[in-house]
Amino acid sequence: MNILIVSAEASPFAKTGGLADAVSGLGRALDLKGNSVKILIPRYYCISKDSLELCKSALLISTGWSEITVNVYRARNSVFYESGSLEYIFIDNEKLYGRDGIYGSDYEPDYHDNPLRFSVLSRSAFAFCRSINWIPDIIHSNDWSTALVPVILNLFERKNFPHTKTVFTIHNLGYQGSYPDAAYRLLGLPESCKYDCHLARFGGINLLQAGICSSDFITTVSKKFMEEAMTPQGGFGLDGILRGMSDVFEGIVNGADSTEWNPLIDRYIPVHYSKDDLTGKRICREALQKTFGLKTDPDVPVIGIICRLVEQKGIAELFAPYYGAMYRMCSDFNAQFVVVGSGEKWCENEIHSLTGRFENFGSYIGYSEKISHIVEAGSDLFLMPSKYEPCGLNQIYSMLYGTIPVVRATGGLDDTVISWADNPDKATGFKFYDLTPDAVYNTVKWALSVFEDKAAVRKMQHNGMSSDFSWSAS
Ligand code: ADP
Ligand code: GLC
């Protein structure tokens, strides 16, 4: 099959979170299965032109009220993938994508022209396919930023792509591309489409809703999250629409890309290791302690956290002054904590102050792919107290790296981790249910007490590292 994946992010080029890893991992797996796969993303400033080559023809894209030119680049893909046909395509327009941020900056967290930027991305998908005479059997778009793909196909491109089917994946229902009505003109669509294409919502517009209603098939990234999304508590206001589409809605857990996240070949960690010989993991943990300026004590358990510092990830329960569990955990537990993340400023400030106050707390505020791999490899436990989590990739990476996850039982975290309390024989981690600082504190305390039983730890590590989290299985 010919498959075009359209996304705002794709690893290793542009990444703010799991979307990038999921898109590239899936693309690669589909490619290895013999499909012809192309992944289309914008060329932001974070993607150096040195790794790209310019395609001959530029594209003229209608914005609805005028036309703009976008250049097309392709990755010299052999640099990134040994396998045959997977191609990364980049659309380039200085005015729209010539910026550091993908969705926004510190000063403007959601760029004011995002409806235009991402509608041009969606329109470019079709212009690109036409320009090379390549007709996808499936166009797969992802999250609110590419939700207009099926809308544009149905409105303008059907005659050129009569048999193309659309699949839309909801990676994060909490981000919907909701804008005031005035932003509608930036999409360049006829007024009637606002209602016909289900863009109108509560007096404004909602791109995610339109993508869901206009696609042939919808997926989200775990079974449990699919069920949650169809309830008023977990549906972010779109549960009714999703319930109405349940016959074309499926939950499929993400896989992990074993060329990127694999302790046997990871290019960022100092020593490789396997489930049969964890000697290297001890060296990785020492490297982690050094990276974060912590005492290199081989006996103190290290607990890792890597995340976007946003409400979704349970940052209030961890870090809110006078409320969050981290202060008490640092004071009470014989353990070290390392945090990698960036996001809400109050939270970054709290993390800075914990770093100054506690010898057993280290942090890196910012984005670092290398440090994130070192944390996965060097930690003993990995904490994810998410408020909601459609899939979650870090708990999967943790299990594959022999790092035991401690998670709140929500969405994909519940689907992927087997709790010590439920089945000590098959356990891969620890789960808790309440979203409270006490639940976080008590579960970490429980995990640390089990951690003293070396045989139990070894078994859990072995279970996690033997699990099949491949894209092939997904
Ligand atoms: P989400 O997509 O909601 O952010 P996931 O668990 O699916 O959550 O994926 C997060 C991905 O982003 C992981 O690959 C994680 O390692 C990475 N990540 C998040 N924050 C950072 C950071 N500050 N530095 C490096 N990697 C990060
Ligand atoms: C999202 C979700 C996360 C998921 C990722 C990739 O951003 O928050 O749970 O793992 O997308 O699908």
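Student: Where does a polar side-chain atom of Asn172 lie relative to ligand 2?
Tutor: In this predicted model, a polar side-chain atom of Asn172 lies 3.2 Å from an oxygen atom of ligand 2.

Student: And what about Gln312 and Gly392?
Tutor: Gln312 places a polar side-chain atom 3.0 Å from an oxygen atom of ligand 2, while for Gly392 it is a polar backbone atom that is 2.8 Å from an oxygen atom of this ligand.

Student: How much of ligand 2 does the protein cover?
Tutor: On its own, ligand 2 has 310 Å² of accessible area, and the protein covers 94% of that.

Student: Which residues surround ligand 2, then?
Tutor: Among them are Gly18, Leu19, His171, Val221, Asn254 and Glu389, along with the run Pro390, Cys391, Gly392 and Leu393. By class, the shell has 5 nonpolar, 6 polar and 1 charged residues.

Student: Switching to ligand 1, how many residues surround it, and which are the closest?
Tutor: Ligand 1 is surrounded by 21 residues, of which Gly18, Arg308, Lys313, Gly366 and Leu393 are the closest. Of these, Gly18 and Leu393 are also listed around ligand 2.

Student: What contacts do Lys15, Arg308 and Gly366 make there?
Tutor: Lys15 has a polar side-chain atom 2.9 Å from an oxygen atom of ligand 1, and Arg308 has one 2.7 Å from an oxygen atom of this ligand. With Gly366, a backbone N or O atom lies 2.8 Å from a nitrogen atom of ligand 1.

Student: Which elements give two or more residues to that shell?
Tutor: Those elements are the helices α1 (18-32) and α15 (394-400), together with the strands β14 (302-309) and β15 (336-343). The largest share, 3 residues, comes from β14.

Student: How do the shell residues around ligand 1 divide by class?
Tutor: They divide into 7 nonpolar, 9 polar and 5 charged residues.

Student: Different topic: what volume does the second largest pocket have?
Tutor: The second largest pocket has a volume of about 460 Å³. It is lined by 23 residues, and the closest to its centre are Leu26, Leu30, His140, Ile252 and Trp471.

Student: Which element gives the largest share of that lining?
Tutor: That is α1, which contributes 4 residues to the lining. Other elements that give two or more residues to the lining are β1 (2-6), β7 (138-142), β8 (165-170) and β12 (217-220).

Student: And how does the lining divide by class?
Tutor: The lining of the second largest pocket divides into 13 nonpolar, 9 polar and 1 charged residues.

Definitions and conventions
Residues numbered from 1 in each chain as written. Chains lettered and ligands numbered in written order. Predicted model: local features only at pLDDT ≥ 70, side-chain atom pairs only at ≥ 80, totals over all residues. Heavy atoms only, no water. Near = heavy atom within 4 Å. Polar contact = N/O pair within 3.5 Å; in protein donor to acceptor, adjacent residues only side chain to side chain. Nonpolar A, V, L, I, M, F, W, Y, C, P; charged D, E, K, R; others polar. Areas by Shrake-Rupley, 256 points an atom, 1.4 Å probe, with all protein chains shown as cover. 1 Å grid on protein atoms, 1.4 Å probe; cavity = no way out; pocket = protein on both sides within 12 Å on 5 of 7 lines; lining within 4 Å. Points joined across faces, edges and corners; volume = space filled by probe spheres on them.
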